[in-house]
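Biologist: Could you take one part of this model and walk me through it closely? I'd like to start with the sheet in the first chain and then see how that chain meets its partner.

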Amino acid sequence: MSEIITVGVAQIRCSTSPAVLRTILGSCVGICIYDRVKKIGGMAHVLLPTSQKTNPNPEKYADTAIPLLVKELLRQGAKKENLSAKITGGASMFKFGANVLLGQIGDRNIEQTRTELEKLGIAILVEEVGGNMGRVIDFYLEDGRMKVKAGGQEKIYYKV
Amino acid sequence: MDQNIKKQIDAIITNIDRLPPLPEVAGKVINMVNDPDVSFKQVAQEISKNQAMTANILKLCNSAFFSKGKEITSIDRAIVTLGLKEVKDIVFLVAAKPLMVKPVIGYDLAQGDLWTQGLAVATMSRDIAISKKKKELADVVFTGGIIHNVGKVVIALFVQQAFRDILALVQAQNIAFHQAEKEIMGYNHQEIGEKILEKWNFPQVLRSIVRYYQEPGNAPAEHSLAVSIVHIANAICLMGGIGIGSDGLFHEIRDEAIKKVALSQQELEGLFSRVPEILKQIRDIQ
């Protein structure tokens with residue numbers, strides 16, 4: 001068995017093959033970035049799209065966590081040109097009142113994630129986002145595959 | 001509707017022995033603290049009778065979550081230092097944990113998931129009550145938050161059998177998961193939860209929280225605020241992925257609850273933003 005590293009809400013974790021990074025997502029977005037040559041990868045689990053002055057935790061927000069994740073991967077020896085991303089999560093509450101902007105937080109997280117990855121020039125190879133299901137994610141650093149378990153069904157994305 | 005499942009659930013809820021038990025002391029203490037004729041000495045005596053629980057209760061009294069700094073070595077001291085209501089919450093935590101910490105298969109919840117979600121909802125509910133200057137509700141929504149989805153423990157086996165049908169109905173009729181539970185199985189987990197709390201002889205407000213946390217608009221008016229608070233905290237914790245299971249986010253956040261608690265958009269987002277901090281806070285009482 002490979003080591004399973006749990007990535008909590010508002011956390012970034014990086015490791016190397018054959019570790020597995022695991023997280024559970026509701027409206028949060030999980031960003032899995034992989035260097036297919038060096039077999040180094042990392043995951044960010046972001047709660048909200050953009051950072052606020054009052055909260056000093058950069059791992060919580062897409063706009064600060066994603067650059068931080070990439071920086072950490074490069075520091076551990078990954079090469080920018082080998083990196084690609086898979087993103088998942090961003091589910092919405094099934095029904096929410098007209099006055100509940102928070103109901104759209106999943107969509108806003110997905111949007112901001114795309115923007116940040118584009119800014120950094122990292123291609124998104126897989127998007128398994130939106131809907132109303134919770135998701136359990138396993139990101140395998142031996143080959144960069146991502147397993148998504150939602151509503152009792154599993155899907156595996158191999159593209160790296 | 002699956003008549004076979006409905007019959008099996010009927011058989012469980014009409015036979016009190018088949019509903020999960022709770023150490024007697026918890027029900028007693030919860031009712032004693034609401035009784036003005038009961039002295040704190042009597043409460044302390046009642047708790048101290050149960051030696052096995054007392055050790056765990058004292059451990060929680062000294063956890064970072066509850067501690068006021070001074071080391072507590074007896075139930076008497078605990079009541080003096082932390083207050084009667086806080087000690088009641090702790091007794092309940094110790095009593096309910098063995099039941100709530102188990103895996104809940106039909107909902108795809110691993111060991112500890114339901115318990116963690118209960119603690120997170122309880123803590124967030126308490127924070128909401130305090131921030132809205134409803135301190136008198138703080139301990140009620142804390143207890144209610146821990147226990148709000150206790151019915152899942154009983155109904156999970158049937159959900160496992162009926163899961164595909166429930167989910168198909170959610171999507172075909174655009175109804176929330178708990179509504180589809182009722183359509184398919186004749187009952188939803190809130191109704192089962194209410195039966196469990198009846199068996200435990202818990203106060204009415206806690207029964208209302210368990211019964212109506214998914215439909216706060218139908219709660220009795222006098223419990224509406226407490227129910228609405230737990231409704232909102234539950235939705236936000238699930239969105240944060242805490243205790244999210246096979247029913248996913250097939251739930252609702254109701255406008256009437258937001259209005260009742262008087263939360264602004266900013267406050268709602270602020271609560272969501274606090275999910276990681278709440279998880280950190282409850283770590284030492286898990």
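**The sheet, and what surrounds it**

Modeller: Sure. In chain A, five strands form an open sheet with the order 1-3-9-10-11, and the pairing is mixed. The edges are taken by strand 1 (4-6) and strand 11 (153-157) of chain A; each has a single partner strand, so one side of each is left without a neighbour in the sheet. From one strand to the next, the twist averages 20 degrees. Bear in mind that this is a predicted model.

Now zoom in on one pair. Strand 9 (residues 135-140) and strand 10 (residues 146-150) of chain A are antiparallel, with four bridges between them. If you want a spot to click on, A:Val136 sits opposite A:Lys149 of strand 10 in chain A.

Let's step back to the chain that holds this sheet. Chain A has two helices and 11 strands, and from the N terminus the elements go β-β-β-β-β-α-β-β-α-β-β-β-β. Its radius of gyration is 15 Å, close to the 15 Å from the globule rule for 160 residues, so chain A is as compact as a globular protein of that length. The C-alpha trace of chain A spans about 50 × 40 × 25 Å along its principal axes. Of the 160 residues in chain A, 48% are buried. As for contacts in chain A with a separation of 6 or more, 63% of them link residues 24 or more positions apart.

What about the inside? In soluble globular proteins, nonpolar side chains tend to be buried together. Here the largest nonpolar core counts 155 residues, and the ones with the most contacts inside it are A:Ile31, A:Val46, B:Val91, B:Ala226, B:Ile229 and B:Ile232. Helix 13 (residues 224-239) of chain B gives the largest share of this core, 12 residues. On the chain A side, take A:Ile31: leaving out residues up to four places away in sequence, A:Ile31 touches A:Met43, A:Ala44, A:Val46, A:Ile66, A:Leu69, A:Ala85, A:Ile87 and A:Thr113.

That brings us to where the chains meet. Here 31 residues of chain A are in contact with 29 residues of chain B. On the side of chain B that touches chain A, at least two residues each come from helix 9 (151-173), helix 13, strand 1 (252-253), helix 14 (255-261), helix 15 (265-273) and helix 16 (275-282) of chain B. The largest share, five residues, is from helix 15 of chain B. Sorted by class, that side of chain B has 16 nonpolar, eight polar and five charged residues.

There's strand pairing between the chains, too. Strand 7 (residues 95-96) of chain A runs parallel to strand 1 of chain B, and two bridges join them. One partnership to look for there is A:Phe96 with B:Ile253 in strand 1 of chain B.

A good residue to finish on is A:Leu102, in the loop between strand 7 and helix 2 (105-120) of chain A. Is A:Leu102 buried or exposed? The cut-off for buried is 20 or more other C-beta atoms within 10 Å, and A:Leu102 has 27, so A:Leu102 is buried. Across the chain boundary, A:Leu102 touches B:Leu268, B:Glu269 and B:Phe272. To tie this back to the sheet, compare A:Leu102 with A:Asp138: they are 36 residues apart in sequence and 27 Å apart in space, C-alpha to C-alpha.

How values were computed. Residues numbered from 1 in each chain as written. Chains lettered and ligands numbered in written order. Predicted model: local features only at pLDDT ≥ 70, side-chain atom pairs only at ≥ 80, totals over all residues. Pairing = 2+ DSSP bridges. Axes fitted to C-alpha atoms, helices over the stretch in contact; angles between N-to-C directions. Core = buried A, V, L, I, M, F, W, Y, C linked by C-beta atoms within 7 Å. Buried ≥ 20, exposed ≤ 12 C-beta atoms within 10 Å, placed from the backbone. Contact = placed C-beta atoms within 7 Å. Rg over C-alpha atoms; globule rule 2.2 N^0.38 Å. Nonpolar A, V, L, I, M, F, W, Y, C, P; charged D, E, K, R; others polar.
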